[in-house]
Amino acid sequence: MAEPAAVLQELDLDVRPLSGALGAEVRGIDVASLDDDGFAAVHALLMQYSAIALHGQEHLTDDGLRAFGLRWGKLDIHGYSPTVPGFDDVLMIRSDPERPGTAEGWHSDVSWKVIPPKISMLHARKVPSVGGDTLFCSQYRAYEDLSDGMKAFLEPLDAEHDGRNFNIEEIRRPATHPVVIRHPETGRKALYVNQGFTRRIAGLPRGESSAIIRFLSEHCTRTRYQARVRYEPGTLAIWDNRCVQHSAVPDFGNEVRELHRVAVLCDERPSR
Ligand code: SIN
């Protein structure tokens with residue numbers, strides 16, 4: 001197989017970084033017809049930028065989205081969120097006047113599962129005339145900016161994550177993950193604590209645990225670590241949950257916003 005860098009050059013893609021922290025938007029690629037070299041190049045872009053927006057995928061069907069997801073690994077069956085009719089592993093993320101609301105609030109997808117998703121992808125089917133972006137935040141940068149003392153304090157700790165925000169009893173059982181994880185592909189360290197699902201730092205008294213989670217929730221989502229994806233119809237946003245948190249921006253009033261999501265499970269539990 002050719003080197004991803006050489007393939008990237010050969011494909012002559014338009015790659016534009018979205019911020020100094022993470023993210024890139026990419027034009028000139030068709031995920032439905034990618035050969036193995038092209039797939040390796042997209043993979044390399046994701047490892048480099050942590051979140052990428054591949055514009056121009058209007059013709060991608062739900063079967064095509066699943067098939068592309070399966071190239072990265074096994075797909076998550078969420079089990080609680082609404083799905084696209086006929087699929088148990090393609091989520092329907094839709095807001096309209098009858099059902100307003102989006103996943104505002106920073107989180108890493110489904111971190112309440114013992115084996116959570118490594119990658120998520122959202123395919124934009126209907127986008128509002130303005131707004132409805134997704135924000136992304138680099139957890140590599142958030143980790144790297146901590147003082148040596150704080151890194152040393154956090155690294156041995158584990159945190160409990162649950163799905164209480166879904167208000168479903170079965171997913172209150174916590175999954176425990178390290179507070180700092182090592183990305184199994186890039187080898188870089190990242191914070192893995194999020195306001196949406198992290199409930200408690202294991203082994204700390206409640207007050208200390210709450211204070212640490214509060215500090216990390218604020219620190220991890222500082223504007224300096226962020227980038228914003230603006231959707232066009234057909235944009236495929238892909239991000240790496242092992243080093244990125246995200247948040248939807250509900251600023252589009254009663255307009256319709258519809259995205260279809262697949263998530264690809266980690267090959268093993270997140271670890272230090
Ligand atoms: C999600 O949390 O997966 C959805 C994000 C979005 O709607 O932008």
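## Where the ligand sits, and the other spaces in the model

Two strands, S14 (244–248) and S15 (257–265), each put at least two residues into the shell around the ligand. This is a predicted model, and the ligand takes up the space of its largest pocket. Beyond that, there is a second largest pocket of about 170 Å³, plus 2 cavities of 30 Å³ or more. Here's the tour, starting with the ligand.

**The ligand and its shell**

- Ten names make up the surroundings of the ligand: Ile93, Ala103, His107, Asp109, Leu122, Thr134, His246, Ala248, Arg257 and Arg261.
- Sorted by class, that shell comes out as a mix of 4 nonpolar, 3 polar and 3 charged residues.
- His246 and Ala248 are in the shell, and their numbers fall in the 244–248 stretch of S14.
- Likewise, Arg257 and Arg261 surround the ligand, with S15 covering 257–265.

**Polar contacts and burial**

- Thr134 has a side-chain N or O atom 2.6 Å from an oxygen atom of the ligand.
- For Arg261, the distance from a side-chain N or O atom to a ligand oxygen is 2.7 Å.
- His246 joins in as well, with a polar side-chain atom 3.0 Å from an oxygen atom of the ligand.
- On its own the ligand would expose 260 Å², and the protein buries 98% of that.

**The largest pocket**

- The pocket that holds the ligand's space has a volume of about 710 Å³.
- Its lining runs to 31 residues, and those closest to the centre are Ser81, Ile93, Thr102, Ala103 and Phe166.
- Strands S4 (91–95), S14 and S15 are the elements giving two or more residues to this lining.
- S4 is the top contributor here, with 5 residues.
- Class by class, the lining splits into 14 nonpolar, 11 polar and 6 charged residues.
- Ile93 and Ala103 turn up in both lists: they are among the residues closest to the pocket centre, and they also belong to the set surrounding the ligand.

**The second largest pocket**

- This one holds about 170 Å³ of space.
- Lining it are Glu160, His161, Asp162, Arg164, Pro174, Arg199, Arg200, Arg206, Ser209 and Ser210.
- The elements that supply two or more of those residues are strand S7 (158–161), strand S11 (198–201) and helix H6 (206–220).
- H6 gives the most, at 3 residues.
- The class tally for this lining is 1 nonpolar, 3 polar and 6 charged.

**The cavities**

- The largest cavity contains about 50 Å³ of space.
- Its walls are made of Asp76, His78, Asp89, Val90, Leu91, Arg261, Val262 and Ala263.
- S15 provides the largest share of that lining, 3 residues.
- By class, the residues around the largest cavity are 4 nonpolar, 1 polar and 3 charged.
- Arg261 is worth a second look: this residue lines the largest cavity, and its side chain also has an N or O atom 2.7 Å from a ligand oxygen.
- The second largest cavity comes in at about 30 Å³.
- Around the second largest cavity you'll find Ser108, Gln139, Leu191, Tyr192, Val193, Asn194, Asn241, Val244 and Gln245.
- That lining has 4 nonpolar and 5 polar residues, with no charged ones.

**Strands to follow by eye**

- S15 is a handy one to trace: this strand supplies at least two residues of the ligand shell, is among the elements giving two or more to the lining of the largest pocket, and provides 3 residues to the largest cavity.
- S14 also shows up twice, in the shell around the ligand and in the lining of the largest pocket.

Methods. Residues numbered from 1 in each chain as written. Predicted model: local features only at pLDDT ≥ 70, side-chain atom pairs only at ≥ 80, totals over all residues. Heavy atoms only, no water. Near = heavy atom within 4 Å. Polar contact = N/O pair within 3.5 Å; in protein donor to acceptor, adjacent residues only side chain to side chain. Areas by Shrake-Rupley, 256 points an atom, 1.4 Å probe, with all protein chains shown as cover. 1 Å grid on protein atoms, 1.4 Å probe; cavity = no way out; pocket = protein on both sides within 12 Å on 5 of 7 lines; lining within 4 Å. Sits in = over half its atoms within 2 Å of the grid points. Helix = DSSP H or I, 4+ residues; strand = E, 2+ residues; numbered from the N terminus. Nonpolar A, V, L, I, M, F, W, Y, C, P; charged D, E, K, R; others polar. Points joined across faces, edges and corners; volume = space filled by probe spheres on them.
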